[in-house]
Amino acid sequence: MNIWMYILVSAAVSYLIRVTPLVLIRREITNRTLRSFLYYVPYVTLAVMTFPAIVEATQHPIAGLLALIAGIVLAWKGGSLFLVAVICCLVVFVSEWFLI
């Protein structure tokens, strides 16, 4: 019986999260600050979920941090997604090899 209560509460919360903005906000948002904040929410959410995983996925957090720095520098310089991913993997491989 408990599992059905958990499923019901989970469904209700998911539904309310999606319906509440539709009910409360009926017209276009004109406030520049709020629009700017809402524009960056998906990027911040992705960053908050991704950056800790990058550091914790390796045996040594230093290797993950070095790969993160290398990836940021390469992306900033205009490297493709594939190139950044390959270089980050190589940085982790070499860093872990030297840190053992």
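**Notebook: helices H3 and H4, charges and cysteines**

I began with the outer side of H3: the face turned away from its buried side carries Ile 62 and Trp 76, both exposed. I note here that the model is predicted.

**Confidence.** I looked up the pLDDT before going further. The protein chain has a mean of 90, and 98% of its residues reach 70 or more. Confidence is highest in H3, at a mean of 94, and lowest in H2, at 89.

**H3, length and buried side.** I checked the span of H3, which runs over residues 61–76. Its 16 residues should span 22 Å at 1.5 Å a residue, and the end C-alpha atoms are 22 Å apart, so the two agree. I then listed the buried residues of H3: Ala 63, Gly 64, Ala 67, Leu 68, Ala 70 and Gly 71. They lie on the same side of the helix, because their arc around the axis is only 170°. I asked what covers these buried residues. The cover includes two helices, H2 (32–56) and H4 (81–99). Past the end of H3 I noted Gly 78, which has a positive phi near 95°.

**Ala 63.** I picked one residue of helix H3, Ala 63, for a closer look. Its relative accessibility is 0%, so Ala 63 counts as buried. I listed its contacts, leaving aside neighbours within four places in sequence: Thr 58, Val 92, Ser 95, Glu 96 and Leu 99. I also took one distance along the chain. Ile 3 is 60 residues from Ala 63 in sequence, and their C-alpha atoms are 41 Å apart in space.

**H4.** I repeated the span check on H4. With 19 residues, H4 reaches 27 Å from its first C-alpha to its last, close to the 27 Å expected at 1.5 Å a residue. Which residues of H4 are buried? I found Val 84, Cys 88, Ser 95 and Glu 96. Their arc around the axis is only 95°, which puts them on the same side of H4. These buried residues pack against H3. On the face turned away from them I found the exposed residues Phe 82, Cys 89, Phe 93, Trp 97 and Phe 98.

**Cysteines.** I searched for disulfides and the count is zero. Why does Cys 88 have no bond to Cys 89? The sulfur of Cys 89 is the closest cysteine sulfur to that of Cys 88, but at 7.1 Å it is too far for a bond. The cut-off I used for a disulfide is 2.5 Å between the sulfur atoms. I compared the exposure of the two residues. Cys 88 has a relative accessible area of 17%, so Cys 88 is buried. Cys 89 has 53%, so Cys 89 is exposed.

**Salt bridge.** I searched for charge pairs. Side chains of opposite charge can pair when their charged atoms come close. The structure holds one salt bridge. Its partners are Glu 28 and Arg 35, with the closest N and O atoms 3.4 Å apart. This falls within the 4 Å cut-off, so I accept the pair. I looked up whether each partner is buried or exposed. Glu 28 has a relative accessible area of 61%, so I list Glu 28 as exposed. Arg 35, at 44% relative accessibility, counts as partly exposed.

Methods:
Residues are numbered from 1 along each chain as its sequence is written. This is a predicted model: local features need pLDDT of at least 70, side-chain atom pairs count only at pLDDT 80 or more; totals for chains, interfaces and linings use all residues. Side-chain values use heavy atoms; hydrogens and water are left out. Helices (H or I, at least four residues) and strands (E, at least two) are DSSP runs, numbered from the N terminus. The expected span of a helix is 1.5 Å times one less than its number of residues. Buried means under 20% relative accessible area, exposed over 50%, partly exposed in between (1.4 Å probe, protein chains only). The arc is that of the directions from the helix axis to the C-beta atoms. Contact means heavy atoms within 4.5 Å. pLDDT is the predictor's confidence in each residue, from 0 to 100. A salt bridge is a side-chain nitrogen of Lys or Arg within 4 Å of a carboxyl oxygen of Asp or Glu.
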